[in-house]
Amino acid sequence: KMNSQDYVNELFNLEGHVGIVTGASRGLGMGIAQVLTNAGATVYNLDIIERSDEKEITGNMIDIHADLTDREAVREIVERIAADEGHLDFLINNAGITYKCRAEEYPMEKYKQIQDVNLESIFELCRMCYPYLKESRYIGRIVSISSMAAYMGHSGVVPYCMTKSGVKGLTIGLAEEWKHDNILVNSVAPGWFSTKLNQEMYRKNPERHKAALAKPMLGRFGDPVEIGYMMLFLLSQGSTYLTGQDFAVDGGALSHGF
C-alpha cells in the first residue's frame, strides 16, 4: 500500500523533467524557477539580463543569455537544449515588457516592441518547442504568463493589455490545435506580487502602494514562489485533465467586492 508521502511525491515530483523558463533572472520568473528546481526539474533560464541574487536556487538551473526577439538565435538554443538533454518537457513563457504612456501619444516603435516580446516571441517559442514537447514522456506542457491586464483596464499601458489578452487567445488556440499531440496548454494571470522592482516603485510612490494593496481580497501582496506553486501544479501529474485555461493567482482580486 502506498503511503501518503509516496502518493504526493508521485504527483508532484519533477525529477527528470527538463524545460525552459523565460525571464527567470528575477521577480516572478525567479520564484517559478526556485519552486520547479526544488521539485527536481532542470530549468533553462532564457533571459536578456543576468540573474540577480534575489532568491537562492538550490536545484539545477542553467542560465542562457537570450534575446527572445532574435528568432534564429533562440531556435539554435532550443535545438541545443533538446539535443543535450535528449528531451524537452515544458515551456514557461514568463518574460515580458511594458512602457507607460497614454494611448493617443504612444510611440509606435514601443508598441511594436511590446507586441514582439510579449506575444509574437511566445508564439514563435511555442512553435519551436512543439516537436520536442509532443514527444515528452510526461505529457508536454506550455504555461504562459497572462496578467490582470487581460481582465482589468490599466491606464497608460493599453498595448500591454492587448498583448496579455492575446496570451489568453494564444493559449486556447494552441490547446485546441495541439489537443491530440500530447501537449497541455494553459496560462496564469498573476495579481499583485512583491518583487524587488515593485518594492522600489512603491517606496517612491506610497499612494500607489496603498492602492495596489487594496486590490487583493487577502489584503497582501503575493510572494513570487506562490506563482511557482501554481506552475508546479500545472506541470505535475495532478493536472492531466487541464488545458486551455487561464488561472488567476491574484489573492482574490478579480472576485473582490466592497
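These are my notebook entries on a predicted model.

**Entry 1. The largest pocket**

I began with empty space. Rolling a probe the size of a water molecule over the atoms shows where such space is left. I found that the largest pocket holds about 1,800 Å³. I then looked up its lining, which counts 49 residues; Gly96, Ile97, Thr98, Tyr160 and Asn198 are the closest to the centre of the pocket.

I next asked which elements give two or more residues to this lining. They are helix H2 (27–38), strand S2 (42–47), helix H4 (108–133), helix H5 (158–177), helix H6 (196–204) and helix H7 (206–213). I noted that H6 gives the most, namely five residues. I also sorted the lining by character and recorded 24 nonpolar, 16 polar and nine charged residues.

**Entry 2. Strand S2 and its neighbours**

Strand S2 is part of the pocket lining, and I examined this strand in its own right. Is S2 mostly covered, or is it mostly open? I found it mostly covered, with six of its six residues buried. In a regular strand the side chains alternate between the two faces of the sheet. I traced the directions in S2 accordingly: Thr42, Tyr44 and Leu46 point one way, while Val43, Asn45 and Asp47 point the other way, and all are buried.

I then looked for the pairing partners of S2. Strand S1 (residues 18–22) pairs with S2 in the parallel sense, over five bridges. Within this pairing, I noted Asn45 of S2 as the bridge partner of Val21. I followed the chain from S1 through H2 to S2 and recorded a right-handed β-α-β crossover. Strand S3 (residues 60–65) is also parallel to S2, and six bridges join the two. Here I noted Asn60 of S3 as the bridge partner of Thr42.

**Entry 3. The largest nonpolar core**

In soluble globular proteins, nonpolar side chains tend to be buried together. I therefore looked up the largest nonpolar core, which has 29 residues, with the general tendency in mind. The members that touch the most other members are Ile20, Leu46, Ile81, Leu88, Leu91, Cys129 and Ile142. I listed the elements that give two or more residues to this core: S1, S2, helix H3 (71–85), H4, H5 and strand S6 (183–190). The largest share, seven residues, comes from H4.

I noted that S2 serves in both lists, since it gives two or more residues to the pocket lining and two or more to the core. Leu46, one of the S2 residues that I had found buried, is among the core members with the most contacts to other members.

**Entry 4. Three loop residues**

I turned to the loop between S2 and S3, where Glu50 has its place. Is Glu50 buried or exposed? Its relative accessible area is 74%, which is over the 50% cut-off, so I recorded Glu50 as exposed. I also looked up a distance: the C-alpha atoms of Glu50 and Arg26 are separated by 8.7 Å, and these residues are 24 apart along the chain.

Most residues other than glycine have a negative phi. I looked for departures from this rule. Ile139, in the loop between H4 and strand S5 (140–145), has a positive phi near 85°. Ile139 is partly exposed, with a relative accessible area of 23%. Asn182, in the loop between H5 and S6, has a positive phi near 65°. Asn182 is likewise partly exposed, and I recorded a relative accessible area of 28% for Asn182.

Note on methods. Residues numbered from 1 in each chain as written. Predicted model: local features only at pLDDT ≥ 70, side-chain atom pairs only at ≥ 80, totals over all residues. Heavy atoms only, no water. 1 Å grid on protein atoms, 1.4 Å probe; cavity = no way out; pocket = protein on both sides within 12 Å on 5 of 7 lines; lining within 4 Å. Points joined across faces, edges and corners; volume = space filled by probe spheres on them. Helix = DSSP H or I, 4+ residues; strand = E, 2+ residues; numbered from the N terminus. Nonpolar A, V, L, I, M, F, W, Y, C, P; charged D, E, K, R; others polar. Buried < 20%, exposed > 50% of the residue type's maximum accessible area, 1.4 Å probe, protein only. Pairing = 2+ DSSP bridges. Right-handed = clockwise from strand over helix to strand, strands pointing away. Core = buried A, V, L, I, M, F, W, Y, C linked by side-chain atoms within 4.5 Å.
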